[in-house]
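Hi,

Here is the structure I promised to pass on to you. Have a look at it first, and then read my notes underneath.

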Amino acid sequence: KTNNQQPKNEKPKMVGTHGVAAAIRSSTSNETFDLAGMSEDAISRLIDTSFHEPFPPIPNNDEMIKITLVVGAGKQARQKYDANASRAVKSALLACNYKEDAGASCVLECGGSFKSQHDTGKNLYTV
């Protein structure tokens with residue numbers, strides 16, 4: 001990994017529901033977490049637990065990190081995700097005082113913001 005970029009071929013982390021919040025909170029570089037199999041309520045609780053408090057500074061790192069949440073997929077894997085997963089993530093992030101910004105990127109000026117994307121190469125929907 002260089003410049004805090006996640007390798008293109010690295011698969012999203014799939015962690016048990018109880019461990020996802022801890023894994024998100026302890027991230028020190030760009031990470032992707034797959035929310036497949038989680039209910040809308042579980043997702044809302046996860047986001048509240050993970051993002052309610054500001055993240056602690058990362059020692060020896062003055063750059064932003066990006067947390068990517070996989071909330072849906074194309075027709076081949078659509079059934080793995082709650083139909084309201086994206087809405088649950090967005091609502092919970094807004095409740096944690098994050099701002100939706102379609103132009104957000106991994107720079108300091110975009111801290112505390114999020115955006116939704118459709119990765120057409122992997123056919124995944126992310127926030």
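**What lines the second largest pocket**

The lining of the second largest pocket is made up of seven nonpolar, six polar and two charged residues. Please keep in mind that this is a predicted model.

The pocket itself, the second largest, holds about 190 Å³ of space. It is lined by 15 residues, and those closest to its centre are V71, G72, A73, S86 and Y125. Four elements each give two or more residues to this lining: the strands β2 (67-73), β5 (117-119) and β6 (124-126), together with helix α3 (85-95). Of these, β2 provides the largest share, with three residues.

**How α3 packs against α2**

Helix α3 also has a neighbour to look at, helix α2, which spans residues 40-51. The axes of α2 and α3 lie 9 Å apart, and the two helices pack at an angle of about 30°. Because angles under 35 degrees count as roughly parallel, α2 is roughly parallel to α3. The crossing of α2 with α3 is right-handed.

Which residues meet there? From α2 they are E40, I43, S44, I47 and F51, and from α3 they are A85, A88, V89, A92 and L93. By type, the residues of this contact divide into eight nonpolar, one polar and one charged.

Enjoy exploring it!

Best wishes

Key:
Residues numbered from 1 in each chain as written. Predicted model: local features only at pLDDT ≥ 70, side-chain atom pairs only at ≥ 80, totals over all residues. Heavy atoms only, no water. 1 Å grid on protein atoms, 1.4 Å probe; cavity = no way out; pocket = protein on both sides within 12 Å on 5 of 7 lines; lining within 4 Å. Points joined across faces, edges and corners; volume = space filled by probe spheres on them. Nonpolar A, V, L, I, M, F, W, Y, C, P; charged D, E, K, R; others polar. Axes fitted to C-alpha atoms, helices over the stretch in contact; angles between N-to-C directions. Parallel < 35°, antiparallel > 145°, perpendicular 65-115°, else oblique. Left-handed = near helix turned anticlockwise from the far one by under 90°. Contact = heavy atoms within 4.5 Å.
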